[in-house]
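The following exercises are to be worked with the sequence and the model at hand. Each task is followed by a solution in steps.

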Amino acid sequence: MTIIAEGMRAGEFAYRALLEEIQSGSLPAGTVLGEVEQAERLGVSRTPLREALRRLTADGLVEQLSPRVTVVAAIDADDIRDLFVLRRALEETTARAAAAAPAREEFGTLAGRFAEAARSLDDEESRARYYALIARFDEALDAAVGNDYLTAALRTVRTHLVRVRRMAKDKPDRLAASAGEHRLIAEAISSGDGDLAAHATHVHLHNALASILDSLGDAGTHSTTEGKKAGA
């Protein structure tokens with residue numbers, strides 16, 4: 001089996017590389033992912049490349065148009081709305097459960113960090129730190145809830161959310177508001193108030209969806225953001 005670096009399997013390496021490129025937009029919707037070309041580009045054989053493509057297909061990030069043609073899947077405004085329906089159900093449940101968990105000390109610390117982040121989000125470095133803070137918040141939620149099924153469902157949603165965030169424009173005002181919303185969620189969880197944590201999560205997701213659709217020029221229509229879905 002090919003070893004890429006530090007013991008990582010070739011299939012895992014290929015998966016992570018393609019995942020990052022799809023999420024970042026380096027491989028936009030509709031890009032054909034030819035096995036030979038991608039295997040050569042990533043420096044792996046075709047077998048691990050196929051493994052990576054199967055995982056990305058299961059994630060919903062690529063789709064097979066024919067036995068020989070695999071492309072990066074499109075994502076449109078309706079997809080984003082559907083994603084947020086699921087996100088709302090999962091994250092409100094998670095926030096409520098985290099508020100009932102015995103160990104919640106970290107959320108008080110995270111609330112303070114979100115308050116600090118809200119004061120400076122006008123450059124790329126500060127925005128990168130903010131997204132890393134959100135990732136840490138997600139990890140703390142998963143640890144507090146301790147529900148593998150819920151965590152697995154959230155992992156799928158978060159995989160798509162990275163892509164959606166990259167598609168939307170970074171707006172310092174919206175990011176500052178988002179940081180404030182995260183602070184309220186973290187404070188509610190820290191204080192053990194499940195109802196407030198769930199409500200604050202609901203408000204945050206409502207505002208986030210509205211901002212994303214507005215950034216995409218789709219505040220109330222069903223226009224496609226990255227091109228039409230194959231076969232549509």
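**Exercise 1. Establish how the predictor's confidence stands over residues 218-232 and over the chain.**

Solution. Over residues 218-232 the pLDDT (the predictor's confidence in each residue, from 0 to 100) stays under 50. For this stretch the model has 30 contacts beyond four places in sequence, a contact being heavy atoms within 4.5 Å. Where pLDDT is low, the predicted coordinates should not be read in detail. For the chain, the mean pLDDT is 88, and 91% of the residues reach 70 or more.

This is a predicted model, in which local features need pLDDT of at least 70 and side-chain atom pairs count only at pLDDT 80 or more, while totals for chains, interfaces and linings use all residues. Residues are numbered from 1 along each chain as its sequence is written, and side-chain values use heavy atoms, with hydrogens and water left out.

**Exercise 2. Determine which elements build the largest nonpolar core.**

Solution. Step one is the term: a nonpolar core is a set of buried Ala, Val, Leu, Ile, Met, Phe, Trp, Tyr and Cys residues joined through side-chain atoms within 4.5 Å. Buried means under 20% relative accessible area, exposed over 50%, and partly exposed in between (1.4 Å probe, protein chains only).

Step two is the membership. The largest such core has 24 residues, and F107, L110, F114, Y130, F137 and I189 have the most contacts inside it. Two or more residues each are given to this core by helix 4 (77-99), helix 5 (105-117), helix 6 (124-145), helix 8 (172-191) and helix 9 (194-215). Helices here are DSSP runs (H or I, at least four residues), numbered from the N terminus. Helix 6 supplies the largest share, seven residues. Apart from this core lies another, of 19 residues, among them A10, Y15, A39 and V62.

Step three is one well-connected member. Beyond four places in sequence, I189 touches A95, A98, A99, R104, F107, F137, L141 and A197.

**Exercise 3. Describe how helix 4 packs against helix 9 and against helix 7.**

Solution. Two packed helices are described by the angle between their axes and the distance between the axes. Axes are lines fitted to C-alpha atoms, for helices over the stretch in contact, and angles run from 0 to 180 degrees between N-to-C directions.

First, the axes of helix 4 and helix 9 come within 8 Å and cross at roughly 160°. Helix 4 is therefore roughly antiparallel to helix 9, since angles over 145 degrees count as such, those under 35 as roughly parallel, 65 to 115 as roughly perpendicular and the rest as oblique. The crossing is right-handed; that is, the near helix is turned clockwise from the far one by less than a right angle, and anticlockwise would be left-handed. Residues of helix 4 in this contact include I80, F84 and A95, and those of helix 9 include A197, L205 and I212.

Second, helix 4 and helix 7 (residues 148-167) pack at about 135°, with their axes 10 Å apart. This angle makes helix 4 oblique to helix 7. The contact is made by residues including L83, L90 and T94 of helix 4 and L150, V157 and V164 of helix 7. The crossing of helix 4 and helix 7 is left-handed.

**Exercise 4. Carry out the analysis for helix 5 and helix 6, and place S126.**

Solution. The two axes lie 11 Å apart at an angle of about 165°, so helix 5 and helix 6 are roughly antiparallel. Their crossing is left-handed. F107, L110 and F114 are among the residues of helix 5 that meet helix 6, where Y130 and F137 are among the partners.

S126 is found in helix 6 and, at 3% relative accessibility, counts as buried. Beyond its neighbours within four places in sequence, S126 is in contact with S120 and L121.

**Exercise 5. Are L56, R9 and A97 buried or partly exposed?**

Solution. L56 lies in helix 3 (residues 46-59) and is buried, because its relative accessibility is 0%. Its contacts beyond four places in sequence are Y15, L18, L19, I22, L61 and V62.

R9, in the segment before helix 1 (10-24), is partly exposed at 33% relative accessible area. Between the C-alpha atoms of R9 and G180 the distance is 40 Å, with 171 residues separating them in sequence.

A97, in helix 4, is partly exposed at 31%. The C-alpha atoms of A97 and E35 are separated by 43 Å, and the two residues are 62 apart along the chain.
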